[in-house]
2 protein chains.
Amino acid sequence: MYSFYCTFGNMNLILQNISKHVSLTPEEELLFLSKTETKKVKAKTILQNAGHVCKEGYFVNSGLLRSFNINDNIVEHVMSFACEGWWISDMYSLLSQKPGNLFIEVLEDAEVVVLTKENQEKLYLEIPKLERFFRILTENSLVANQERLMDNLSLTAEERFEKFCKKYPTLIQKVPQKQIASYIGVTPEFFSKMKARMLKK
Amino acid sequence: MYSFYCTFGNMNLILQNISKHVSLTPEEELLFLSKTETKKVKAKTILQNAGHVCKEGYFVNSGLLRSFNINDNIVEHVMSFACEGWWISDMYSLLSQKPGNLFIEVLEDAEVVVLTKENQEKLYLEIPKLERFFRILTENSLVANQERLMDNLSLTAEERFEKFCKKYPTLIQKVPQKQIASYIGVTPEFFSKMKARMLKK
DNA sequence: CTTATTTCTTAATCTAGGTTAAGTGCTCCA
DNA sequence: TGGAGCACTTAACCTAGATTAAGAAATAAG
């Protein structure tokens, strides 16, 4: 049995993720996996394009992705990063099945588990417990998002950066600086200036 | 049967709300209602205090509420409004059962349906379909929140205000101006100036 | 190894929106 | 019915962060 899990490589990371909130039987776990597909993707790959209807969500086994939108065809705004153990997708488009305005891009070579909307719906019927799992996932995501909104309304750029560092210590090493700038909502130039100022203290 | 619904007044608004996403049997509807409590609350009532653990969520039958947080004990930031047909609560505190940082205040005399966390959890067990209902509710809320975050990162105050007007035409009449200012993320003074400028065009 | 492209830095200048302050209406309840 | 407090306005001045531009440093590509 031990070797069984081994043959799946780090595929079981997603099962671990699920088991944090609901417990599936081994059969249900296999059913779940049978509805997903694990894929290796190279850095700079665009998994989702703005203007298109989003058909799938991604769970990250390894590597790093981001989602962002482009304003007036010029300025990029990073909406989220996703590294090992995180989910990422264009929720708006995935749920409404209307064209979205997010891009999803691979920042570092990654392995992702692909779950199509179609299969997700099927899984809700076959394993109702997953309804609970994704509810909890969405709830946590909502709470994090609300906090970020509050921070953008009430904190300075410097404070937002400090919070980002505390909250995602592993990301700071990996993510290019200008993308952190975009995530916390300032220009790369100002971010650079701010960083220099912070070092002096 | 007609008179039956009448005796509940607009209590059935919440059942309508649920039926948009999942269909309950009449028995399930009664069970649901038995786990809630309808309450009339006067303007200026504080239903939830920052620093306290949130024990319940509210569905608005009539009237108007808002949630907000206070920064450095000075500046208020309106996080959300809720009028007829909307849900409101401090999601972070309700989910984590840790002290929250939101206030929930009644802006206009209101009738709300109270659903405690305890009863909500019981309902998940007794009517698993509600798992789906609240998943969908949370999903929609997340999408709206993500859009608002994106708007705050990429639009000007004027554009945000225009979007607010289009999105919540009924609210503009009801909500005091300074609270709209806070919601879109500017000071009341600047909002006033901006509005005057917009009228000139 | 060399060049090209992208990322990061620095600095001068500019602006959306904040702050402070003073004045004009409300409205509400004593 | 009058005055105490809110809600809103206007205006002068201020600042965090944007924009523009140009050079340095790091990666990538050939």
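# Two helices, two chains, two DNA strands

Student: Let's start with chain B. Which residues in H6(B) and H7(B) meet each other?

Tutor: On the H6(B) side they're B:Glu147, B:Asp151 and B:Asn152, and they meet B:Arg160, B:Lys163 and B:Lys167 in H7(B). Split by class, that contact has five charged residues, one polar and no nonpolar. Keep in mind that we're looking at a predicted model.

Student: Got it. At what angle do those two helices pack?

Tutor: About 150°, with the axes of H6 (residues 129–154) and H7 (residues 157–167) of chain B 10 Å apart. An angle over 145 degrees counts as roughly antiparallel, and therefore H6(B) and H7(B) are roughly antiparallel to each other.

Student: Now chain A. How do the axes of H6 and H7 cross there?

Tutor: In chain A, the axes of H6 (residues 129–154) and H7 come within 9 Å and cross at roughly 150°. So H6(A) is roughly antiparallel to H7(A).

Student: And which residues meet in that contact of H6(A) and H7(A)?

Tutor: H6(A) brings A:Glu147, A:Asp151, A:Asn152 and A:Ser154, while H7(A) brings A:Glu159, A:Arg160, A:Lys163 and A:Lys167. By class, that contact has six charged residues, two polar and no nonpolar.

Student: Switching topic: how many residues of chain B and chain A are in contact?

Tutor: 29 from chain B, in contact with 30 from chain A. The area buried between the two chains is about 3200 Å², and carbon and sulfur atoms give 66% of that.

Student: Which residues in chain B lose the most area to chain A?

Tutor: That would be B:Leu149, B:Met150 and B:Leu153, which together make up 20% of what the chain B side buries.

Student: Why talk about accessible area at all for an interface?

Tutor: Because the accessible area lost when the parts come together is often how the size of an interface is given.

Student: OK, DNA time. Which residues are the closest around DNA strand C?

Tutor: 16 residues surround DNA strand C, and the closest are A:Gln177, A:Lys178, A:Ser192, B:Thr187 and B:Lys193. Of the strand C atoms that come within 4 Å of the protein, sugar and phosphate account for 73%.

Student: What lies 3.2 Å from a phosphate oxygen of DNA strand C?

Tutor: A backbone N or O atom of B:Ala157 does, and so does a backbone N or O atom of B:Thr187. From chain A, an N or O atom in the side chain of A:Lys195 is 3.3 Å from a phosphate oxygen of the strand.

Student: Which helix gives the most to the surface near DNA strand C?

Tutor: H10(A), with four residues. At least two residues each come from H9 (177–184) and H10 of chain A and from H7 and H10 of chain B. The surface near strand C has six charged, five polar and five nonpolar residues.

Student: And DNA strand D? Which residues come nearest?

Tutor: There are 16 residues around DNA strand D, and A:Ala157, A:Thr187, B:Gln177, B:Lys178 and B:Ser192 come nearest. Within 4 Å of the protein, 72% of the strand D atoms belong to sugar or phosphate, and the rest to bases.

Student: How far is B:Ser192 from a phosphate oxygen of DNA strand D?

Tutor: A polar side-chain atom of B:Ser192 lies 2.8 Å from one. For B:Lys178 it's a polar backbone atom, 3.0 Å from a phosphate oxygen of strand D. A:Ala157 also uses a polar backbone atom, at 3.2 Å.

Student: Where does the largest share of the surface near DNA strand D come from?

Tutor: From H10(B), which gives four residues. Among the other helices that supply at least two residues are H7 (157–167) of chain A and H9 (177–184) of chain B. That surface divides into six charged, five polar and five nonpolar residues.

Student: Last one. Where does B:Lys117 lie?

Tutor: In helix H5 (residues 117–126) of chain B. Setting aside neighbours within four places in sequence, B:Lys117 is in contact with B:Lys55, B:Glu56, B:Leu94, B:Leu95 and B:Gln97. A polar atom of the B:Lys117 side chain is 3.2 Å from the backbone oxygen of B:Leu94.

How values were computed:
Residues numbered from 1 in each chain as written. Chains lettered and ligands numbered in written order. Predicted model: local features only at pLDDT ≥ 70, side-chain atom pairs only at ≥ 80, totals over all residues. Heavy atoms only, no water. Near = heavy atom within 4 Å. Polar contact = N/O pair within 3.5 Å; in protein donor to acceptor, adjacent residues only side chain to side chain. Nonpolar A, V, L, I, M, F, W, Y, C, P; charged D, E, K, R; others polar. Axes fitted to C-alpha atoms, helices over the stretch in contact; angles between N-to-C directions. Parallel < 35°, antiparallel > 145°, perpendicular 65-115°, else oblique. Contact = heavy atoms within 4.5 Å. Buried area = accessible area lost by both parts, 1.4 Å probe.
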